[in-house]
Amino acid sequence: MSLFTPARRWQPPFYPFKREKFPGRLLAGTERVIKGPLFGCRMCGNCLLQETAFICPMECPKGIRNGPCGGSSAEHCYVDNTRKCIWYCIYERSFRMGREEKLLEVLPPVDWDKAGTETWADVVSQVRKTGTGKFIKGRFTLDRMRRMESWENVFRPVRQPVWWDGDSSFHPPVSAGPVSSLEMKLKSGEFVFTTEILPPLHSDTDRLRKNITIVRPHVTAVNFTDNSSAVPRMSGMACCKIAAEMGTEPVFQLTARDNNRYAFQSKVIGANAMGINNILCITGDSPVTGSAPEANMNVLDLDSVQMIWILRRMRDEKIWLDGREIKFPPKVFIGAAASPFASRPEFQAVREQKKVNAGAQFLQTNVVFESDGLEAWMEQLYKRNILDKVFILVGVTPIRSLKMALHLKHEVPGIVLSDQILKRIEKAGDSAQEEGIAISIEFIQKVRKMSGINGIHLMTLGCESSIERIIGETQTS
Ligand code: SF4
């Protein structure tokens, strides 16, 4: 994508909720007319262009400001296949321009009070604050560091408001103590198994309890998803509470899709008060992939990186996002999702590093079938020097049928499933489920030998009975 993209298709701009004074309206109108055609600007009021290689990220239908998502690819956006994945374009250009380290800065959510208003006046007032003469001198000095410093003095306060204050540094957890069995076992070096149970589609909990009873003896913790695939189900918090009462350690998944900044913080505190200490932050599937595609697909309030940033600050800095003190902060082990096969390994590694810097302590990957691709991704994590800062659990799904294999291969973004596996499942005919379990066992045996992998996250999609066999056979081999 060229630097300027006149006439490129972009989504409509935001307009201010409140009526601005005439000079503000004039400036905003001018900015909209100029930056819209040039950059695809949507007038978010908090410009990030310099961190995103001069491509506006607000074109992303998921509204991700710290992208890409787990479905990112070179071909197209998985929410709207008529447009390119804008985050793939941003990463590609950033790498080409040597600006990839800029992608690590944790960028703030939209300040909705400023959405639709201009950014230029903020820049001008910041130039005045730092001293116009000093800024101009700084721009023309031969010293590169001073040139960058003068630029940052003006633009950093514009893009990083004081209530957010994001950066690109690693923030180790303040307390070393484990807050859950999952954290304790991972820290002790144990290779762990976790799984996930889909919350019920109704209010009866018999099946849920039965499934928890089946998996409990074999895994360290059980994830409960947050309306996965954008289909409403029993709340993950209710399932976590039931699991905790049954003596099973839960991992509470929270999506940015279903939780704005208020809901997210309040749920974290509420869950923690109920003894839920593992929290996994994900952006979530777009509503267009779910049962109610007419739901808002335009903009989310937060993205997963922002959720992690908020959660870590709640725990370690004892503050709500609005800066109020939290007297009894949540004790949480923070998790994030990772997608080794989305876009390119070096792109995804930047994204995983950003999550780790923001505060993620464990990463659970999307479903993986190919160990070679996994190794390529691990190599990139190693180069980014994050393998000693985060625990990695690899996602494994036993295939149950040819139909399921074809669905995973062709419909689910971020998954690579080889023709060789497809042939094995096809050849197995009625025994496809058995073959799927055998494939999972072989894969886990390979993965256990890879350095840097700390466990397996089994996603059996309703076939909880296969867990005992898969774990049993991979532990004894
Ligand atoms: S980041 Fe915001 S202000 Fe900057 S170009 Fe995009 S929508 Fe416009």
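Trainee: Which residue follows α2, and what is its phi like?
Mentor: That's Gly98, and its phi is positive, near 70 degrees. Keep in mind that we're looking at a predicted model.

Trainee: Okay, staying with α2, which of its residues are buried?
Mentor: The buried ones are Ile86, Trp87, Tyr88, Cys89, Ile90, Tyr91 and Ser94.

Trainee: And what do those buried residues pack against?
Mentor: They pack against helix α11. You'll find α11 at residues 345-358, in a β-α-β unit with β5 and β6.

Trainee: What hand does that unit have?
Mentor: The unit made by β5, α11 and β6 is right-handed.

Trainee: How many bridges join β5 to β6, and which way do the strands run?
Mentor: There are 4 bridges, and the two strands run parallel. One pair to look for is Ala338 with its bridge partner Thr365 in β6.

Trainee: Is β5 itself covered or open?
Mentor: Mostly covered: β5 spans residues 333-338, and 6 of its 6 residues are buried. Phe333, Gly335 and Ala337 sit on one side, with Ile334, Ala336 and Ala338 on the other, and both faces are covered.

Trainee: What about β4, how does that pair with β5?
Mentor: β4 covers residues 278-282, runs parallel to β5 and is joined to it by 4 bridges. Asn278 stands opposite Phe333, and Ile279 stands opposite Ile334.

Trainee: How many residues of β4 are buried?
Mentor: 5 of its 5. Asn278, Leu280 and Ile282 cover one face, while Ile279 and Cys281 are buried on the other.

Trainee: Which residue of β3 stands opposite Ile279?
Mentor: Phe252 stands opposite Ile279. β3 runs from 250 to 255, parallel to β4, and 5 bridges join the two. To get from β3 to β4, the chain goes through helix α9 (residues 261-273), in a right-handed β-α-β crossover.

Trainee: Switching topic! Where is Lys62?
Mentor: Lys62 is in the loop between α1 (22-39) and α2 (86-96).

Trainee: And why does Lys62 count as buried?
Mentor: Because 26 other C-beta atoms lie within 10 Å of Lys62, and the cut-off for buried is 20 or more.

Trainee: What does Lys62 touch?
Mentor: Leaving out residues up to four places away in sequence, Lys62 touches Cys69, Val79, Thr283, Ser286 and Leu300.

Trainee: How far is Lys62 from Leu182?
Mentor: They're 120 residues apart in sequence, and 31 Å apart in space, going C-alpha to C-alpha.

Trainee: Now the big picture: what domains does the assignment give?
Mentor: The domain assignment gives domain 1 (22-159) and domain 2 (181-476). Their C-alpha centres lie 31 Å apart.

Trainee: How many residues of the two domains are in contact?
Mentor: 22 residues of domain 1 are in contact with 28 residues of domain 2. The domain 1 side that touches domain 2 divides into 13 nonpolar, 6 polar and 3 charged residues.

Trainee: Last one, which residues are around the ligand?
Mentor: Among them are Cys41, Cys44, Cys47 and Cys56, along with Lys35, Arg42 and Thr119. The list also includes Phe39, Met43, Leu48, Leu49 and Met58.

Trainee: How does that shell divide into nonpolar, polar and charged?
Mentor: The shell around the ligand has 9 nonpolar residues, 1 polar and 2 charged.

Terms used
Residues numbered from 1 in each chain as written. Predicted model: local features only at pLDDT ≥ 70, side-chain atom pairs only at ≥ 80, totals over all residues. Domains from an automatic or database assignment. Contact = placed C-beta atoms within 7 Å. Nonpolar A, V, L, I, M, F, W, Y, C, P; charged D, E, K, R; others polar. Near = placed C-beta within 6 Å. Buried ≥ 20, exposed ≤ 12 C-beta atoms within 10 Å, placed from the backbone. Pairing = 2+ DSSP bridges. Right-handed = clockwise from strand over helix to strand, strands pointing away.
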